[in-house]
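User: I would like to go through this model and ask, term by term, what justifies the words used for its residues and spaces.

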Amino acid sequence: MISVGVIGYGYWGPNLVRNFADMDGARVARVCDMSLKRLELVRRRYPGVPLGTDPRELIEDPAVDAVVIATPVASHFELAMGALKAGKHVLVEKPLAASAEEARRLIEEAERRRLVLLVDHTFVYTGAVRKIRELVQDGGLGDIYYYDSVRVNLGLFQHDVNVLWDLAVHDLAIMDYVLDRQPAAVSATGMSHVAGSPEDVAYLTLFFEDSLIAHIHANWLAPVKLRRTLIGGRRKMIVYDDIEPSEKLKVYDKGITVHEDAENIYKLLISYRTGEMYAPQFDTTEALAVEARHFADCVAAGTRPVTGGEAGLRVLRVLEAATESLSRRGELVEVRT
């Protein structure tokens, strides 16, 4: 039985509390939030769970085995480091920290104390994304040509991070898991349309060592909510639409075949291949439930999570390079390793 303390009961916190409360082999030992109004919501739904406004009390509580952090990004490092130093396992909402340097320090602390550090890259735990990884890794798509994603909606505006750190982080986490490769350089452009606020519309292009290219469009000012990703391979192509109530994932046997003219090696003949489309089946269990179970299993077995600190660090390296490129109006910036 793992006893979990949750810090933050705002937008995402209630989902985390619910999943740990409903999971066999886990219990919510304590919930902390600075808002008394939010704590009252916890009290009504989970009577008997100790509540408080001071995260230090939760972290230092001997009844808490693991700390779950669902707070603004700027507070992630301090809270996570405090929990690790107190001997607690940690699950942190995305992104892991406000910088790659902070992420490295958290990883080192977790390793030194042999504690589990998991980043809440929720989409990695969806059945659809796990199926995409399977299709990519078994070679069925052939060489991957591109990853193209649109993740837009109207709001929720964030005050501490721009739209790339809020929305594109999901696609970066998916790419990291599915492709199992890191980009070499990025170019990002964007604009803020609210005075004093971070960029609310942004376009991020990622370049890899070979011909693979990726593009992410993130937007808080769209009239509709879109969550659509295209992955193009030499043999087959994937359309992943998370908004679709059914058939979120479709695989198309479409593409091109390039032939060299026997008489002129410089002349290329391109033929188009149009085959069938099929919608593969996959596990539809709520992603957060899968992630919570995985976190508890890693704590029990002392194993590394799928979205451990290293995955969070890789995503942060790309976000830092993208932020630098944004400030330079799209100038190409290498991703540090």
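Analyst: What follows is a set of questions and answers about a predicted model, each setting a computed value against its cut-off.

User: Why is Val68 called buried?

Analyst: A residue counts as buried when its relative accessible area is under 20%, and Val68 has a relative accessible area of 0%, so the word buried applies. Val68 is found in strand 4, residues 66-69, and, leaving aside residues up to four places away in sequence, Val68 touches Val4, Gly5, Val6, Ile7, Leu16, Phe20 and Leu91.

User: Why does Leu221 count as partly exposed?

Analyst: Partly exposed covers the range between under 20% and over 50%, and Leu221 stands at 38% relative accessibility, so Leu221 falls in that range. Leu221 is found in strand 11, residues 221-233, and together with Leu154, Phe157 and Val194 it forms a nonpolar patch on the surface, with about 340 Å² of accessible area together.

User: Why is His170 put with the buried residues, and what does His170 touch?

Analyst: The cut-off for buried is under 20%, and His170 has 15% relative accessibility, so His170 counts as buried. The place of His170 is in helix 7, where, not counting residues up to four places away in sequence, His170 touches Lys94, Phe123 and Arg151.

User: What makes the link between Arg314 and Asp176 a salt bridge?

Analyst: The rule asks for a side-chain nitrogen of Lys or Arg within 4 Å of a carboxyl oxygen of Asp or Glu, and the side chains of Arg314 and Asp176 meet at 2.7 Å, N to O, so the pair qualifies. This pair links distant parts of the chain, with Arg314 in helix 9 and Asp176 in helix 7, 138 residues apart. Arg314 is partly exposed, with a relative accessible area of 27%, whereas Asp176 is buried at 12%.

User: How do you know that Arg181 and Asp210 form a salt bridge, and what does the pair tie together?

Analyst: The closest N and O atoms of Arg181 and Asp210 are 2.8 Å apart, and the limit is within 4 Å, so the term salt bridge holds for this pair. Arg181 lies in the loop between helix 7 and strand 8 and Asp210 in the loop between strand 9 and strand 10, so the pair ties together parts that are 29 residues apart in sequence. Arg181, with a relative accessible area of 29%, is partly exposed, and Asp210, at 44% relative accessibility, also counts as partly exposed.

User: Which words describe the exposure of Glu310 and of Arg304, and why?

Analyst: Exposed means over 50% relative accessible area, and Arg304 has 61%, so Arg304 is exposed, while Glu310 has 29% and is therefore partly exposed. Glu310 and Arg304 form a salt bridge, with the closest N and O atoms being 2.7 Å apart. By this rule the count comes to 23 salt bridges, and a network of salt bridges links Glu324, Arg328, Glu331 and Arg336.

User: What makes the backbone at Asp180 and at Glu247 worth pointing out?

Analyst: Most residues other than glycine have a negative phi, and most peptide bonds are trans. Phi of Asp180 is near 55 degrees, a positive value in a residue other than glycine, and phi of Glu247 is likewise positive, near 50 degrees. Asp180 is found in the loop between helix 7 and strand 8, and Glu247 in the loop between strand 12 and strand 13.

User: Where are the cis peptide bonds that join Lys94 and Pro95, and Gly155 and Leu156?

Analyst: The bond joining Lys94 and Pro95 is cis, with omega about -15 degrees, and Pro95 has its place in the loop between strand 5 and helix 5. The bond joining Gly155 and Leu156 is also cis, with omega about -15 degrees, and Leu156 is found in the loop between strand 7 and helix 7.

User: How do you know what surrounds the largest pocket and the largest cavity?

Analyst: A lining residue has an atom within 4 Å of a grid point of the space in question. About 1,200 Å³ of space lies in the largest pocket, and of the 44 residues that line it, the closest to its centre are Tyr11, Trp12, Glu93, Lys94 and Asp166. Helix 7 gives the most to this lining, with four residues. The largest cavity has a volume of about 80 Å³, and the residues that line it include Asp176, Arg181 and Arg314.

Technical notes
Residues numbered from 1 in each chain as written. Predicted model: local features only at pLDDT ≥ 70, side-chain atom pairs only at ≥ 80, totals over all residues. Heavy atoms only, no water. Helix = DSSP H or I, 4+ residues; strand = E, 2+ residues; numbered from the N terminus. Buried < 20%, exposed > 50% of the residue type's maximum accessible area, 1.4 Å probe, protein only. Contact = heavy atoms within 4.5 Å. Patch = residues over 30% accessible without salt bridge, like charges linked within 9 Å, V, L, I, M, F, W, Y side chains within 5 Å. Areas by Shrake-Rupley, 256 points an atom, 1.4 Å probe, with all protein chains shown as cover. 1 Å grid on protein atoms, 1.4 Å probe; cavity = no way out; pocket = protein on both sides within 12 Å on 5 of 7 lines; lining within 4 Å. Points joined across faces, edges and corners; volume = space filled by probe spheres on them.
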